[in-house]
Amino acid sequence: LEDMLAVIKPDTQHKGIISEIRGRGFTISRLKDTVLSREMAEEFYREHRDKPFFSQLINHGLFLRSGPCTMMVLTKDNMLEEWRASMGPTDPSEARQAAPGSLRACFAKEILETAVHGSSNTQHTHQKIQFLFRDISTE
Ligand code: ATP
Ligand code: MG
């Protein structure tokens, strides 16, 4: 079993996505709602800081900061691939074409409002869990 850090972005809160995620066989082992500040959003997506879309990603309609994000540690066999497949392609219009049953096909609006996030490797998983859950002791 592998852990991964996944995020439900603000606009997707009330659409039954949590039961959808459980129904797909993911175990939610930690869960916390957090409203991100701009600084936290920048830190969270720091690996994209040199990309041309970085500023848009952080500031677009204040989307990422428009309400609580649900931060989750998910656990499953073959977790990275399974969650990627479950999310579908980054661009929701591509997701609706290529992966109609995916979470992004169902819940995402456009490329800057992608409904869900998943950390892309184990290093990012550990960094983001440390960053997002640092105020909660696990001892
Ligand atoms: P995430 O990291 O959020 O799970 P992802 O791994 O599918 O998404 P990344 O390449 O890591 O895709 O991009 C991070 C976020 O940046 C995406 O969720 C999307 O909102 C935004 N993004 C990615 N590519 C572009 C682009 N070409 N133009 C605008 N925004 C983009
Ligand atoms: Mg990514």
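Which residues are around ligand 1?

## The surroundings of ligand 1

In this predicted model, the residues around ligand 1 are His-48, Phe-53, Gln-56, Leu-57, Thr-90, Ile-111, Leu-112, Thr-114, His-117, Gly-118 and Ser-120. Sorted by class, this shell contains 4 nonpolar and 7 polar residues, and no charged ones.

Two elements each supply at least two residues of the shell: helix H3, spanning 54-59, and strand E4, spanning 116-118.

## Overall architecture

The protein contains 7 helices and 4 strands. Followed along the sequence, these elements are arranged in the pattern β-α-β-α-α-β-α-α-α-β-α. Contacts between residues 24 or more positions apart make up 66% of the contacts in the protein with a separation of 6 or more.

The C-alpha atoms occupy a box of roughly 45 × 35 × 30 Å along the principal axes. The radius of gyration is 14 Å, which agrees with the value near 14 Å that a compact globule with 139 residues would have. Of the 139 residues, 29% count as buried.

## The nonpolar core

The largest nonpolar core has 27 residues, and the members that touch the most others are Met-4, Ala-6, Val-7, Leu-74, Trp-83 and Val-116. Elements giving two or more residues to this core are E1, E3, helix H4 (79-87) and helix H6 (103-107). The largest share, 5 residues, comes from E1.

Leu-74 illustrates how this core is connected. Leaving aside residues up to four places away in sequence, Leu-74 touches Met-4, Ala-6, Phe-26, Thr-27, Ile-28, Met-79 and Trp-83.

## Helix H7 and its two sides

Helix H7 covers residues 122-132, and within this helix Thr-125, Lys-128 and Leu-132 are buried. Seen down the axis of H7, these buried residues fall within an arc of 80 degrees, so they line one face of the helix. An α-helix has 3.6 residues a turn, so residues three or four places apart point the same way.

The buried residues of H7 pack against strand E1 (2-8), strand E2 (27-34), helix H2 (38-44) and strand E3 (69-76). On the face of H7 turned away from the buried side are the exposed residues Gln-123 and Gln-130.

## Residues with a positive phi

Most residues other than glycine have a negative phi. Leu-62 is not a glycine, yet its phi is positive, at about 55 degrees. Leu-62 belongs to the loop between H3 and E3. This residue is exposed, because 12 other C-beta atoms lie within 10 Å and a residue counts as exposed at 12 or fewer.

Asn-78, which is not a glycine either, has a positive phi of about 55 degrees. The loop that holds Asn-78 lies between E3 and H4. Asn-78 is likewise exposed, with 10 other C-beta atoms within 10 Å.

## Glu-94 in helix H5

Glu-94 is part of helix H5, which covers residues 92-98. With 15 other C-beta atoms within 10 Å, Glu-94 is partly exposed.

The C-alpha atoms of Glu-94 and Ile-111 are separated by 9.6 Å, and the two residues are 17 residues apart along the chain. Ile-111 is also one of the residues around ligand 1.

Note on methods
Residues numbered from 1 in each chain as written. Chains lettered and ligands numbered in written order. Predicted model: local features only at pLDDT ≥ 70, side-chain atom pairs only at ≥ 80, totals over all residues. Near = placed C-beta within 6 Å. Nonpolar A, V, L, I, M, F, W, Y, C, P; charged D, E, K, R; others polar. Rg over C-alpha atoms; globule rule 2.2 N^0.38 Å. Buried ≥ 20, exposed ≤ 12 C-beta atoms within 10 Å, placed from the backbone. Contact = placed C-beta atoms within 7 Å. Arc of directions from axis to C-beta. Core = buried A, V, L, I, M, F, W, Y, C linked by C-beta atoms within 7 Å.
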